[in-house]
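Subject: The model, and what turned up in it

Hi,

Here is the structure for you to open alongside this email. My notes follow underneath, so have a look at it first and then read on.

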Amino acid sequence: MTAFDGISFRQMGFGDLDRVMEIEREIYDFPWTRGNFGDSIESGYRCIVMERGGFMAGYGVMMDVLDEAHLLNLSVAKNWQGMGMGRKLLENFMGIAKRESLKFFYLEVRLSNSVALKLYESAGFREIAVRPNYYPAATGREAARLMGAEI
Ligand SMILES: CC(C)(COP(=O)(O)OP(=O)(O)OC[C@H]1O[C@@H](n2cnc3c(N)ncnc32)[C@H](O)[C@@H]1OP(=O)(O)O)[C@@H](O)C(=O)NCCC(=O)NCCS
């Protein structure tokens with residue numbers, strides 16, 4: 001058995017939102033709301049659940065605009081972090097973008113989020129700009145690093 005046996009991806013539905021919100025509150029100081037996920041599903045964004053052995057290990061949300069993909073959310077449940085699952089989830093979104101012939105992939109990450117930053121850099125993303133005051137933070141607001149990769 002490889003480390004990734006049993007991983008599968010599927011569309012997120014409204015029935016997933018109890019567990020999604022549980023994970024969201026567990027891993028973020030400023031979680032998305034249930035409404036944010038509901039709106040994303042209704043808007044036709046690519047809302048994907050990653051399962052391992054039948055349990056939700058993570059999820060993400062990607063929006064396509066013309067020939068660009070924009071990753072809005074990438075999340076791995078606390079007990080699954082650091083095991084390669086985030087990379088698998090990101091690769092899944094990059095694979096979708098490639099299949100859809102999108103040309104560029106964008107995402108934002110908090111300046112302080114060194115784990116996510118390392119993941120994105122190792123996946124080929126580069127900094128494009130810093131957006132000041134982008135995220136809420138305990139101390140006021142925090143800047144985002146806008147990152148991009150050609151697909
Ligand atoms: C960021 C996140 C999606 C990464 O997923 P993950 O499953 O924990 O990460 P992976 O095990 O796939 O590791 C991918 C890379 O991240 C980096 N990384 C992972 N855990 C790390 C840690 N504890 N310290 C430093 N770097 C780490 C490494 O570069 C790693 O690659 P490597 O194993 O080849 O060295 C996940 O930790 C998460 O959901 N965090 C909370 C929410 C969040 O910050 N989301 C991103 C918002 S932009």
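One cut-off before anything else: a residue is called buried if 20 or more other C-beta atoms lie within 10 Å of its own, exposed if 12 or fewer, and partly exposed in between. Leu 111 is a case in point, because its 16 other C-beta atoms within 10 Å make it partly exposed. Please also keep in mind that this is a predicted model.

Overall layout

You will find four helices and seven strands in the chain. Read from the N terminus, the order is β-α-α-β-β-β-α-β-α-β-β. The radius of gyration is 15 Å, close to the 15 Å from the globule rule for 151 residues, so the chain is as compact as a globular protein of that length. Along the principal axes, the C-alpha trace spans about 40 × 35 × 30 Å. Of the 151 residues, 23% count as buried. As for contacts between residues at least 6 apart in sequence, 54% of them join residues at least 24 apart.

Helix 1

Helix 1 covers residues 17-27, and its Val 20, Ile 23 and Glu 24 are buried. These residues sit on the same side of helix 1, because the arc they cover around the axis is only 105 degrees. The general background is that an α-helix has 3.6 residues a turn, so residues three or four places apart point the same way. On the other side of helix 1 you get Asp 18, Glu 22, Arg 25 and Glu 26, which are exposed. What do the buried residues of helix 1 pack against? They pack against helix 2 (34-42), strand 3 (55-65) and strand 4 (68-76).

Strands 1 and 2

Strand 1 (residues 7-11) lies largely in the open, because the number of buried residues among its five is zero. Strand 1 runs antiparallel to strand 2 (residues 46-52), and five bridges join the two. If you want a pair to click on, Phe 9 has Met 50 in strand 2 as its bridge partner.

Strands 6 and 7

Strand 6 (residues 126-137) is hardly covered either: of its 12 residues, the count of buried ones is zero. Strand 6 pairs with strand 7 (residues 140-150) in the antiparallel sense, over eight bridges. The connection between strand 6 and strand 7 is a hairpin through two residues. Across the pair, Tyr 135 stands opposite Glu 142 in strand 7.

Ala 144 also belongs to strand 7. With 19 other C-beta atoms within 10 Å, Ala 144 is partly exposed, because the buried class begins at 20. Setting aside residues up to four places away in sequence, Ala 144 touches Glu 108, Val 109, Arg 110, Arg 131, Tyr 134 and Tyr 135. Its C-alpha atom is separated by 34 Å from that of Gly 53, with the two positions 91 residues apart along the chain.

Back to Leu 111: where does Leu 111 lie? It is in the loop between strand 5 and helix 4. Leaving out neighbours within four places in sequence, Leu 111 is in contact with Glu 142, Ala 143 and Arg 145. The C-alpha atoms of Leu 111 and Glu 26 are 20 Å apart, and the two residues are 85 residues apart along the chain.

The ligand shell

Which residues come nearest to the ligand? Of the 18 residues around it, these are Gln 81, Gly 86, Arg 87, Lys 118 and Leu 119. Strand 4, helix 3 (85-99) and helix 4 (114-122) each supply at least two residues of the shell, and helix 4 gives the largest share, five residues. By type, the shell divides into nine nonpolar, seven polar and two charged residues.

Two backbone oddities

Leu 66 is not a glycine, yet it has a positive phi of about 50 degrees. Leu 66 is placed in the loop between strand 3 and strand 4 and is exposed, with 7 other C-beta atoms within 10 Å. Ser 101 likewise has a positive phi, near 60 degrees, in a residue other than glycine. Look for Ser 101 in the loop between helix 3 and strand 5 (104-110); with 8 C-beta neighbours inside 10 Å, Ser 101 counts as exposed.

Cheers

Methods
Residues are numbered from 1 along each chain as its sequence is written. This is a predicted model: local features need pLDDT of at least 70, side-chain atom pairs count only at pLDDT 80 or more; totals for chains, interfaces and linings use all residues. The radius of gyration is taken over C-alpha atoms; the globule rule is 2.2 Å times the number of residues to the power 0.38. Two residues are in contact if their C-beta atoms, placed from the backbone, lie within 7 Å. The arc is that of the directions from the helix axis to the C-beta atoms. Two strands pair if DSSP finds at least two bridges between them. A residue is near a molecule or strand if its C-beta atom, placed from the backbone, lies within 6 Å of it. Ala, Val, Leu, Ile, Met, Phe, Trp, Tyr, Cys and Pro count as nonpolar, Asp, Glu, Lys and Arg as charged, and the others, Gly among them, as polar.
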